[in-house]
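Colleague: Could you walk me through this model? I would like to go from the cysteines to the core and the helices.

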Amino acid sequence: MKYLVGCAMALSFAATGSPVAQADSAPTCTDTPNAYTAGWQTGWASYQASEKSGSSGSASRTVDLPITINAPIDKVWTVYSNLRNDIGRHPFLKDIITHRTCSDGVSTTIDFTALENVPMGSVDYPAKTQAEQRLFPADRYYLTDSYDTPGVITHQKVTFTDNGNGTTAVNEHITFSCNPLLLNFTVSNGVSSHQAYQAALKRDIENGTL
């Protein structure tokens, strides 16, 4: 599971219609500065610079992680898209620290740091993943971008489909990008951790814990 950082998050909106219409479309943001915010800003700036340069010298791999959950789509969406529900279910994740939340009435953007202990051989590496999640509830999908030192980037699109029989199909479409020497390790750890928390979310949604 990967996440990102940014010096300053900007949401752009097309300048169309009357001044009143433009004001109505402006996002409402809540900032929650904390001890990790400066690190998020630095990391996000590195992510943006890497994306602008085309991540020169990096290698990428894309995977799909589908799962079917025996619950209605409204329930699955509400639980699955809530970052706090990953804590205690994602095997590396220790906490989520939110820096800013913005909503324009259509989408919600959350800037956050994920505190993780990533196993590396016989020791755990205390990673701080800098990330941004963008939720589109009407269309039942969300996007998450993340950045980790040394230049590990992930892009996720998580979609939710009503199967019509009381179950919901969820698919995590994830692209991992990093130094070619780190790619196999990054993908292996990323896929195994995502599958573990998918299984935990499925279990706890279906048994009523969530």
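**Cysteines, core and helices**

Modeller: Gladly, and let me start with a cysteine: C29 has 32% relative accessibility, so it counts as partly exposed. Here buried means under 20% relative accessible area, exposed over 50%, and partly exposed in between, with a 1.4 Å probe and protein chains only. Please keep in mind that this is a predicted model, where local features need pLDDT of at least 70, side-chain atom pairs count only at pLDDT 80 or more, and totals for chains, interfaces and linings use all residues. Residues are numbered from 1 along each chain as its sequence is written, and side-chain values use heavy atoms, with hydrogens and water left out.

Colleague: Thanks! Which residue does a disulfide join to C29?

Modeller: The structure holds one disulfide, a term for a pair of cysteine sulfur atoms within 2.5 Å. The S to S distance is 2.0 Å, and the partner of C29 is C102.

Colleague: Is that disulfide right-handed or left-handed?

Modeller: The torsion about the S-S bond of C29 and C102 decides this. It is about 110 degrees, so the disulfide is right-handed.

Colleague: How many residues apart in sequence are the parts that the pair ties together?

Modeller: Helices (H or I, at least four residues) and strands (E, at least two) are DSSP runs, numbered from the N terminus. C102 is buried, with a relative accessible area of 1%. C29 lies in strand β1 (residues 28-31) and C102 in strand β3, so the parts tied together are 73 residues apart in sequence.

Colleague: On to the interior: which element gives the largest share of the largest nonpolar core?

Modeller: A nonpolar core is a set of buried Ala, Val, Leu, Ile, Met, Phe, Trp, Tyr and Cys residues joined through side-chain atoms within 4.5 Å. The largest one has 24 residues, and I69, V76 and Y80 are among those with the most contacts inside it. Elements giving two or more residues to this core include β2 (59-69), α3 (73-80) and α4 (183-206). The largest share, five residues, comes from α3.

Colleague: And how many residues does the second, separate core have?

Modeller: That core includes A59, V63, L65 and F176. Its residues number ten.

Colleague: Which elements do the buried residues of α2 pack against?

Modeller: Helix α2 (residues 37-52) reaches 22 Å from its first C-alpha to its last, close to the 22 Å expected at 1.5 Å a residue, where the expected span is 1.5 Å times one less than the number of residues. Its buried residues are T37, W40, G43, W44, Y47 and S50. They cover an arc of only 140 degrees, taken from the directions from the helix axis to the C-beta atoms, which puts them on the same side of α2. With contact meaning heavy atoms within 4.5 Å, the buried residues of α2 pack against β3, β4, β5, β6 (141-148) and β7.

Colleague: Which exposed residues does the opposite face of α2 carry?

Modeller: This is the face of α2 turned away from its buried side. The exposed residues there are T42 and K52.

Colleague: Last one: is N85 buried or exposed?

Modeller: N85 is found in the loop between α3 and β3. Leaving out residues up to four places away in sequence, N85 touches V79, L201 and L210. A polar atom of its side chain lies 2.9 Å from the backbone oxygen of V79. The relative accessibility of N85 is 14%, so the residue counts as buried.

How values were computed:
Polar contact = N/O pair within 3.5 Å; in protein donor to acceptor, adjacent residues only side chain to side chain.
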